[in-house]
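Me: I would like to learn how to read helix packing and burial in a model. Can we work through a case together?

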Amino acid sequence: MDFTLSKEHEMARALFKEFAEKEVKPLAIEVDETEEFPRATVEKMAKAGFMGIPVPKEYGGQGCDILTYAMCVEELAKVCGTTAVIVSAHTSLCCDPILTFGTEEQKQKYLPDLASGRKIGAFGLTEPGAGTDAQGQQTKAVLEGDEWVLNGSKIFITNGKEADVYVIFAITGVIEKRGRMTKEISAFIVEKGTPGFTFGTKEKKMGIRGSSTYELIFTDCRIPKDNMLGQQGKGFNIAMHTLDGGRIGIAAQALGIGEGALERTIEYVKERKQFGRAIGAFQNTQFQLADMATKAQAAQFMVYKAACTKDQYTRDHKTSYSVEAAQAKLYAAEMAMEVTTKAVQLHGGYGYTREYEVERMMRDAKITEIYEGTSEVQRMVISANLLK
Amino acid sequence: MKVVVCVKQVPDTKGGVKFNPDGTLDRAAMLTIMNPDDKAGLEAALRLKDKYDAEVTVVTMGLPKAEEVLREALAMGADKGILVTDRVLGGADTWATSQTLAGAIRNLDYDLIITGRQAIDGDTAQVGPQISEHLGIPVISYAQKIEIEGDSVVVERQYDDRYHVLKAKMPCLITALAELNEPRYMTPGGIFDAYKAEITTWGRADLKDVEDSNLGLKGSPTQIARASDKVRKGQGEKVTLDPNESVSYIMDKLKEKHVI
């Protein structure tokens, strides 16, 4: 077992760090305040190849591993949670299912534009009545001639209005399963601009405020028959497989947010003086920092382990990374929440103001315990594997 | 079109400067970067690659560790990297460095050579023009804009208050300013490819038409007696006095310090 990163990974990290510091950090406060999608930053990331890191070169991507992709999300999240989730949702929730389940024609048609960042991707599973209970879908797709007709809506969609290509789930029928009638769910690729596909309200969120979270509405939205992703009725499996990968992205985001808050706090406690001494000279501060750093380090190992396990899956198409991804996300998200809360506490009154970024990081951290499977769902995944 | 770019791995001043006991720079102990002017030169070459499909070869002279700067150049999009390294080349001043690089470049086909104006660790701005002298080709220094016109280059050469537009037939050498452009980032895929790529390593024996007497420490007419970090000045003093008192206060201080 070797915990050292390869030279390539070290150089990639240096690249992500430099980019994050120069291009992302200066805009983080503004993105949060204005709730505006950082389009110019996304264009710069596209140019640098960040929008298709694990997509093979034959489809216009960078052909790198999941570990490299996770490090990119981590470094972006250290300075801006919004920018990190834009990359994560685009890559894990749109590029990945098309790459894994798409036909050759679908891959050729969609991946080069997505991987180069000319187009942005999104994923629509959640509905008002179907969150953790993904089976509670109401959106329907009916085949009429050569077209599927979609009706229904999706909520809380990251990259919502800014995306161009959407992976959407809908009920395509009812089937008997173990003596019970259950909904048959299928996945589809829907393009922006398709008649009948419109946007509802924009969510006003606590954190990651620039990520364009919208409701998607489908009213007699007709898409070509060929836009079904994977086999009919396999939508639930596609969604769960996709979320397993997505959780590595979110775990990396949570990791970065925690690490970013820790970095800010280390700088702050060296400068802030009380009782004639820097507050970093007090043992309480030192012990808090020690705990924060230890948990962040543990989270990093778990995230990298999950990423490397998914890389193993990419090679052998057998290795399961579901539990590793769930554990990494569960731990990293809870670490992010704890570390950012402590960071605010160590900043005192200043930490509660928007001038000091730990306040934003604490708000950004909370969502990592909720989206792409709540911490409770991760515990279900982990324990189900223990008791099977 | 073939472009050769000379780059140097220099200490990253953000990481602090470290010295050996003998007063020379401890390069192994310092974080390093690609010299900013050289990076702009590389970007200029890569734009020629984008536009004219130019082949970009990057050359550096240095310790084996300088291979890193070539990998970075490849990850940005350069086609080939050549590392010139040999113990006998160590301790070179600008004369011996330019002789070495010219000796290496004589092995290559080129239409254009681009170097940075100067390196942030030496600030001499001599190596580029010296290479052109050794190779017998024209040089245009301090380029703030580069255009290709047929078999010539048209370059804006920067001055403090103006610029000159100069045209030279290729082959020629240009020295680039950091202000020339905004260098692109490496790409993640480019990094992994760069580490798979082979870096050509040349030693003394591979240098063409260079005398031993012009190489390394022995071939260097300039000797650095001592190098030191910037010595921090003491903290300034701030006083609030009315103008008349201020003048006499300053006069007293200047006398006290024997300035006047």
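What follows is a short dialogue on helix packing, a core, a covered helix and a chain contact.

Me: What kind of model is this?

Reply: It is a predicted model.

Me: How are two packed helices described?

Reply: By the angle between their axes and the distance between the axes. Take helix H4 (residues 66–79) and helix H7 (residues 235–271), both of chain A. Their axes come within 7 Å and cross at roughly 40°.

Me: How are H4(A) and H7(A) oriented to each other, and what is the hand of the crossing?

Reply: At roughly 40°, H4(A) and H7(A) are therefore oblique to each other. The crossing is right-handed. Among the residues making the contact are A:Ala70, A:Val73, A:Leu76 and A:Ala77 of H4(A), with A:Gly249, A:Ala252, A:Gly256 and A:Gly260 of H7(A). By class, this contact has 10 nonpolar, 4 polar and 5 charged residues.

Me: Which residues touch the most other members of the largest nonpolar core?

Reply: That core has 182 residues. A:Ala70, A:Leu76, A:Phe188, A:Val303, A:Ala332 and B:Ile174 touch the most other members. Two of these names, A:Ala70 and A:Leu76, also belong to the H4(A) side of the helix contact.

Me: What does A:Leu76 touch?

Reply: Leave out residues up to four places away in sequence. A:Leu76 then touches A:Phe16, A:Ala20, A:Val24, A:Thr83, A:Ala84, A:Val87 and A:Gly256. A:Gly256 is in the H7(A) part of the contact with H4(A).

Me: How many residues of helix H2 of chain B are buried?

Reply: H2(B) spans residues 67–76, and 9 of its 10 residues are buried. They include B:Val69, B:Leu70, B:Ala73 and B:Leu74, and also B:Glu68, B:Arg71 and B:Glu72.

Me: What do the buried residues of H2(B) pack against?

Reply: Strands E2 (9–11), E3 (32–34), E4 (55–61) and E5 (80–84), plus helices H1 (36–52) and H5 (188–196), of chain B. Just after H2(B), B:Gly77 takes a positive phi of about 135°.

Me: Is A:Glu376 buried or exposed?

Reply: A:Glu376 lies in helix H11 (residues 375–386) of chain A. It has 11 other C-beta atoms within 10 Å. The cut-off for exposed is 12 or fewer, so A:Glu376 is exposed.

Me: Last, how many residues does each chain give to the contact between chains A and B?

Reply: Chain A gives 14 residues and chain B gives 8 residues. Helix H1 (residues 7–24) of chain A supplies the largest share of the chain A side, 6 residues. By class, that side has 7 nonpolar, 4 polar and 3 charged residues.

Key:
Residues numbered from 1 in each chain as written. Chains lettered and ligands numbered in written order. Predicted model: local features only at pLDDT ≥ 70, side-chain atom pairs only at ≥ 80, totals over all residues. Contact = placed C-beta atoms within 7 Å. Helix = DSSP H or I, 4+ residues; strand = E, 2+ residues; numbered from the N terminus. Nonpolar A, V, L, I, M, F, W, Y, C, P; charged D, E, K, R; others polar. Axes fitted to C-alpha atoms, helices over the stretch in contact; angles between N-to-C directions. Parallel < 35°, antiparallel > 145°, perpendicular 65-115°, else oblique. Left-handed = near helix turned anticlockwise from the far one by under 90°. Core = buried A, V, L, I, M, F, W, Y, C linked by C-beta atoms within 7 Å. Buried ≥ 20, exposed ≤ 12 C-beta atoms within 10 Å, placed from the backbone.
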